[in-house]
Amino acid sequence: MTNKSSNQETVGLFPVPVYIAERDSNLTSKEKKEIKIIVGEMHRAVGNTISDDSYIFNKHLKTLKQYCDYHIKKYVDEIINPTEKLDFYITQSWLNVTPLGGYHHTHSHQNSIISGVFYISTVEDDKITFADPNYKIKMASPWFKKENFNIWNSTTWFIPVKNNKLILFPSWLSHQVELNEKATTDRISISFNTYVKGKLGDANELTELILK
């Protein structure tokens, strides 16, 4: 008799989607000029600086906005997959500059459905780190030291990033950027939020909501 089995598997239930895309072209000279204008009007935030204008896609970087819009649509179609025709659109959008010694504290994005980050200028070993939304529940259970971390036993997980990469994720998902300790250049990214227009829910189930 043997305890071994050739018929076993581990499945992931209710995974959190993080969508990754990479633009196949570098910034144009026009886009670089527009970013330079935006960088000239910044103010301090917690651990970094952000643009005074928090609607930069309304005035600048039209082609880059179209790129982000395209992938937001793919995210909606492939991940949310709604039955109704809905219009997801970018609400606020702003530029972040993280110098040597800077960081982004752990946070999530309110009043948004899908949030995104597009990377203009990254640093050595750059990454965005996400936190397990079930962290507190898991901490209430027995806690074990880990010999090796994996997707099942980790409470945070990072994704490497580089120039021209786009990351989309649910706005409720907490994330952070660790301390910029080694870089000789500033880390620059564009963040944005989204919301939706259209009909949500069902009238017969008393859940209908029409957003215009």
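Is Leu 206 buried or exposed? In this predicted model, Leu 206 is exposed, with a relative accessible area of 79%. You'll find Leu 206 in the loop between E11 and strand E12 (209–211). Its backbone is worth a look too: phi of Leu 206 is near 60°, a positive value in a residue other than glycine.

Leu 61 also has a positive phi without being a glycine, this time near 55°. Leu 61 sits in the loop that links helix H2 (56–59) to helix H3 (62–80). Here the side of the story about solvent goes the other way: since buried means under 20% relative accessible area, Leu 61 counts as buried because its value is 1%.

Now for Ser 93. This serine belongs to strand E4, which covers residues 87–98. Ser 93 counts as buried because its relative accessibility is 0%. What does its side chain have for polar company? A polar atom of the Ser 93 side chain lies 2.9 Å from the backbone nitrogen of Phe 57. Leaving aside residues up to four places away in sequence, Ser 93 touches a run of neighbours, namely Asp 53, Ser 54, Tyr 55, Ile 56 and Phe 57, plus Ser 191 and Phe 192.

On to the pockets. The largest pocket holds about 680 Å³ of space. It is lined by 20 residues, and Pro 15, Val 16, Asp 132, Pro 133 and Ile 151 are the closest to its centre. Strand E7 (127–131) and strand E8 (156–160) each put at least two residues into that lining, with E8 giving the largest share, 3 residues.

The second largest pocket has a volume of about 370 Å³. Of the 20 residues that line this pocket, the closest to its centre are Trp 94, Asn 96 and three histidines, His 104, His 107 and His 109. Two or more lining residues come from each of E4, strand E5 (104–107), strand E6 (114–121), strand E10 (175–177) and strand E11 (187–200).

Here is how the two linings break down by class:

| Pocket | Nonpolar | Polar | Charged |
|---|---|---|---|
| Largest pocket | 13 residues | 5 residues | 2 residues |
| Second largest pocket | 8 residues | 11 residues | 1 residue |

Strand E4 turns up twice in this tour, as the place of Ser 93 and as a contributor to the lining of the second largest pocket.

Technical notes. Residues are numbered from 1 along each chain as its sequence is written. This is a predicted model: local features need pLDDT of at least 70, side-chain atom pairs count only at pLDDT 80 or more; totals for chains, interfaces and linings use all residues. Side-chain values use heavy atoms; hydrogens and water are left out. Helices (H or I, at least four residues) and strands (E, at least two) are DSSP runs, numbered from the N terminus. Buried means under 20% relative accessible area, exposed over 50%, partly exposed in between (1.4 Å probe, protein chains only). A polar contact is a pair of N or O atoms within 3.5 Å; within protein, one must be able to donate a hydrogen and the other to accept it, and residues adjacent in sequence count only if both atoms are side-chain atoms. Contact means heavy atoms within 4.5 Å. On a 1 Å grid over the protein atoms alone, a cavity is a set of points where a 1.4 Å probe fits but cannot get out, and a pocket is an open set with protein on both sides within 12 Å along at least five of seven lines; lining residues have an atom within 4 Å of a point. Grid points are joined across faces, edges and corners, and a volume is the space filled by probe spheres set on the points. Ala, Val, Leu, Ile, Met, Phe, Trp, Tyr, Cys and Pro count as nonpolar, Asp, Glu, Lys and Arg as charged, and the others, Gly among them, as polar.
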